Amino acid sequence: MITIVGLGAGDITQISFSAVEKLKSNLPIYLRTEKHPVVEKLDIEYKSFDSYYEEYENFEQVYSKIANEIVNLGEKEDIIYAVPGHPRVAESTVPLIEEIALKKGIEVEIIASMSFIDAMYNYLAFDPSEGFRLLDAFNIRKRDLDCEANIIITQVYDRFIASNTKIKLMEYYNDEQEMYIVKSAGIKDLEYKKKIKLCDLDRAENEFDHLTSLFIAKSGKKRFRSIEDLEELVFDGKEGESKSYEELANQMKDTVLRLSSSIQEDDIDSMIKKLGSIVLQVIEFSKAGLEEGYFDFDEICDAAFDIKKM
């Protein structure tokens, strides 16, 4: 049997009673990392996998190696595997262990403790029910960002990661977007937050470590309006105002001819406007199609996806 124990957000008060009791059960204990403030306050013997972070090229390899080794150990005897925070929150090794253990018929028990997300809620004084997204600095996609939700970005370990994160965030947010660097949330005497602008994220005076996250409060502000915003604008119009397919087709034909002229003249600004007109006309087509009960914008996107795969 493998028992996976959460060590809490970092303060000794945040590890659950059940987790502490399990850690005192004299079973072999393995830590994903000993770089966690609560470890030195627990009177336990353990082995850690910190050396793996130096041995392998990326985190995917590290987590895969740890997961396989934990399952192999769990085949031979009952063991405890302890991870920072809550085992179900931003802990990549846990689902890997569960997947491998299921195939081998090994039982896995999860014992929760307070997650660093809970500590962030309290320290930053925001309610996650207002809208909240948890993202990993190593896997940020533009489509995962949302200016209408609070954003927490984990694993901002150093300035190199912060710089890459900054580049990704600038695809969605304005350079002046305000945000917080948050370190050691929930750990008394160590927790720290600093309000900065996105453009200053990777400046030399900002410090990062394994307990650093970023917080961006919902603001309703972003660098560019999206296709969804345009779709909402068109569909908010009064029903019955839609143009006929013929009118839209003639408009699109005229716009394509104007686009061709812009390309020949190497007029980039004009190209952008003409392409914008074409996108608008496609959405207007979808509104007309929806009102007549034939098709909508989602079906157009789905057809475009199929064409691209051909």
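In the predicted model, Gln177 is in contact, once its neighbours within four places in sequence are left aside, with Ile196, Lys197, Leu198, Ile216, Ala217, Ser219 and Lys221. The residue is placed in the loop that runs between helix H6 (159-169) and strand E8 (178-183). Because its relative accessibility is 9%, and the limit for a buried residue is under 20%, Gln177 counts as buried. Two of its contacts can be assigned to strands: Ile216 belongs to strand E10 (residues 212-216), and Ile196 falls within strand E9 (192-197).

Both of these strands are part of an open sheet of five strands, arranged in the order E6-E7-E10-E8-E9 and mixed in its pairing. Its edges are formed by strand E6 (132-136) and strand E9 (192-197), each of which pairs on one side only, and from one strand to the next the twist averages 20°. Strand E10 is mostly covered, five of its five residues being buried. The cover extends to both faces of E10, with Thr212, Leu214 and Ile216 buried on one side and Ser213 and Phe215 buried on the other.

The pairing of E10 with the strands on either side can be followed residue by residue. Strand E7 (residues 150-154) pairs with E10 in the antiparallel sense over three bridges; within this pairing, Ile152 has Phe215 as its bridge partner in E10, while Ile153 stands opposite Leu214. E8 and E10 also run antiparallel and are joined by four bridges, and here Val182 has Ser213 as its bridge partner in E10. Helix H5 (residues 116-124) lies across E6, E7, E8, E9 and E10, and runs at about 55° to E10.

A second open sheet of five strands has the order E3-E2-E4-E1-E5, and its pairing is parallel. Strand E3 (47-48) and strand E5 (108-111) are the edge strands of this sheet, each pairing on one side only. E2 and strand E4 (residues 79-83) run parallel and are joined by three bridges, with Tyr81 in E4 as the bridge partner of Tyr30. Two helices lie across strands of this sheet: helix H3 (residues 59-76) lies across strand E1 (2-6), E2 and E4, at about 155° to E4, whereas helix H4 (residues 93-104) lies across E1, E4 and E5, at about 155° to E5.

With regard to the overall division of the chain, domain 1 covers residues 2-114, domain 2 covers 117-216 and domain 3 covers 227-309. The C-alpha centres of domain 2 and domain 3 lie 37 Å apart. An unreviewed UniProt entry places the feature "domain: Tetrapyrrole methylase" at residues 1-189. In the model, this span is 32% helix and 19% strand, and the C-alpha atoms at its two ends lie 37 Å apart.

Two residues other than glycine have a positive phi and are described here together with their surroundings. Asn26, which is not a glycine, has a positive phi of about 70° and is found in the loop between helix H1 (17-23) and strand E2 (29-31). Since its relative accessibility is 75%, Asn26 counts as exposed. Asp266 likewise has a positive phi, near 55°, and is placed in the loop between helix H8 (245-264) and helix H9 (268-291). Asp266 counts as exposed because its relative accessibility is 59%, and exposure is assigned over 50%.

The cysteines were also examined. The structure holds zero disulfides. Cys147 is in no disulfide, and the nearest cysteine sulfur to it, that of Cys199, is 18 Å away, whereas a disulfide would need the two sulfur atoms to be within 2.5 Å. For Cys199, which is likewise in no disulfide, the nearest cysteine sulfur is that of Cys147. As to solvent accessibility, Cys147 is buried, with a relative accessible area of 5%, while Cys199 is partly exposed, with a relative accessible area of 23%.

Note on methods. Residues are numbered from 1 along each chain as its sequence is written. This is a predicted model: local features need pLDDT of at least 70, side-chain atom pairs count only at pLDDT 80 or more; totals for chains, interfaces and linings use all residues. Side-chain values use heavy atoms; hydrogens and water are left out. Domain bounds come from an automatic or database domain assignment. Buried means under 20% relative accessible area, exposed over 50%, partly exposed in between (1.4 Å probe, protein chains only). Contact means heavy atoms within 4.5 Å. Two strands pair if DSSP finds at least two bridges between them. Axes are lines fitted to C-alpha atoms, for helices over the stretch in contact, and angles run from 0 to 180 degrees between N-to-C directions. UniProt positions are given in the numbering used here, feature names are shortened, and annotations may be inferred rather than shown by experiment.
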